[in-house]
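Please open the model in your viewer and keep the selection panel at hand. The stops below say what to select and what is there.

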Amino acid sequence: MGNASPSDRKREQLLDFTMSQLAQHEAVRGVVATGSVALGLAREGDATVPGSDIDAVVFMEPLDPYLLPAEFVWRRADNTYHSIISDDPELDRVGVQFDLDRFDLAIWRSADFIWPEPRRAELADGWIAYDPTGEIAALIKARTMMPDVDRLAILDQTIGQAIAVIPNGDAELHWQKLGGPEAFDRLQAGYQELTRAIFAYHGKWRPWRSRELRGLQNLEWLPQGFTNNVPSLIATDGHDFAAYSRRAAALRSALEELVSRLQTDRIYGDDPDGESFVRLHDEPGRAWNMDEWNAEHARRFTKITGDHP
């Protein structure tokens, strides 16, 4: 372990805790490291900066919150659990800090329970520390895979919204119509739609907002702005129209690059905005099917009353 990385050392600590404290309990069905430990990005602490704690999900059936705490410092020498709020320097030196989510496996296994999108992203990248039957790995694989129908639905939702709120050569019109604060807010909404679309393009669920940029930068492909001009996409450099216009242009360029990619892959044709809108609103009584709606309306009304409307 002398040359092991911080992530490797923390994985060993998680394995040690799991096998010595949890594995003997039948209720514990699986343990999955998440966050920096799972991604290989954990850091050691020093006198000024705390090290990474160990984030993990513990699946239990039945759930017993008294089997182990949610967040704690574990001291292996005497097998004791301590609050993370402590003035004891000894705990900082020899203790191992955990931040655990304790899940009821019966709920998370149920087909009726929809896993939150950020949790899907997190568990898809998780590191499985304990899974004696293999059920947890199979469950995570099945529930974190993005079906094509979901991928297309997310792309339709996000591309249409991004096109609507990110100016396309008409930034001044948006600015005058909305006013500064709302115009900036719309740009932020456009950024959020754009990033979710990029994740969906790769068939990945969007992670927690606090870890989104890290997740983006680990993707195989990104619009150029996300590789060479990230600050202009995620924030403005001022509060006036010029700053608004610069960020709008950067976002529009990234959006157009993504749309071009989607067209090259034949996910969209010549009119992505229109195609996505029609798919999202595939129902009677829309502009493109009013003739059919009128015919059916007349047929049903006549059948009920014998008269035409």
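Two residues are in contact, or touch, when they have heavy atoms within 4.5 Å of each other. This is a predicted model, in which local features need pLDDT of at least 70 and side-chain atom pairs count only at pLDDT 80 or more, while totals for chains, interfaces and linings use all residues. Residues are numbered from 1 along each chain as its sequence is written, and side-chain values use heavy atoms, with hydrogens and water left out.

**Stop 1: the loop before H8**

Select Asn168, in the loop between helix H7 (148–165) and helix H8 (171–178). Helices (H or I, at least four residues) and strands (E, at least two) are DSSP runs, numbered from the N terminus. Leaving aside residues up to four places away in sequence, Asn168 touches Arg252 and Glu256. Its relative accessibility is 48%, so Asn168 counts as partly exposed. On that scale buried means under 20% relative accessible area, exposed over 50%, and partly exposed in between, with a 1.4 Å probe and protein chains only. Add Phe199, 31 residues from Asn168 along the chain: the two C-alpha atoms are separated by 23 Å.

**Stop 2: helix H9**

Next select residues 180–201, helix H9. How far apart are the end C-alpha atoms of H9? They are 31 Å apart, which agrees with the 32 Å that 22 residues should span at 1.5 Å a residue. The expected span is 1.5 Å times one less than the number of residues in the helix.

Within H9, pick Ala197. Is Ala197 buried or exposed? It counts as buried, because its relative accessibility is 1%. Ala197 touches Leu155, Thr158, Ile159 and Leu258, not counting residues up to four places away in sequence. For a long distance line, join the C-alpha atoms of Ala197 and Leu14, which are 183 residues apart along the chain and separated by 35 Å. Just after H9, Gly203 takes a positive phi of about 75°.

**Stop 3: Ser276**

Move to Ser276 in helix H14. With 1% relative accessibility, Ser276 counts as buried. Show its neighbours, again without residues up to four places away in sequence: Ser276 touches Asp156, Gly160 and Tyr268.

**Stop 4: backbone angles**

Most residues other than glycine have a negative phi, and most peptide bonds are trans. The next selections depart from that.

- Arg266 has a positive phi, near 65°. It lies in the loop between helix H13 (241–264) and helix H14 (272–280), and at 77% relative accessibility it counts as exposed.
- Asn79 has a positive phi, near 50°. It is in the loop between S3 and strand S4 (80–82), and is partly exposed with a relative accessible area of 36%.
- Pro62 follows a cis peptide bond from Glu61, with omega near 0°. Pro62 lies in the loop between strand S2 (54–60) and strand S3 (71–75).

**Stop 5: the two domains**

Colour the chain by domain: 6–144 is domain 1 and 148–281 is domain 2. These bounds come from an automatic or database domain assignment. The C-alpha centres of the two domains lie 34 Å apart. Between them, 11 residues of domain 1 are in contact with seven residues of domain 2.

**Stop 6: the pockets**

On a 1 Å grid over the protein atoms alone, probed at 1.4 Å, a pocket is an open set of points with protein on both sides within 12 Å along at least five of seven lines; lining residues have an atom within 4 Å of a point. Grid points are joined across faces, edges and corners, and the volume is the space filled by probe spheres set on them.

The largest pocket holds about 560 Å³ of space. Select Gly51, Leu91, Asp92, Gly95 and Gln97, the closest to its centre of the 22 lining residues. Helix H1 (6–22), helix H3 (89–94) and strand S5 (96–104) are the elements giving two or more residues to this lining. H3 supplies the largest share, three residues.

The second largest pocket has a volume of about 400 Å³. Of its 20 lining residues, select those closest to the centre: Leu39, Ala121, Glu122, Asp125 and Pro207. Helix H2 (35–39), helix H5 (117–124) and helix H10 (212–217) each give two or more residues to the lining. Domain 1 and domain 2 each contribute at least three residues to it.
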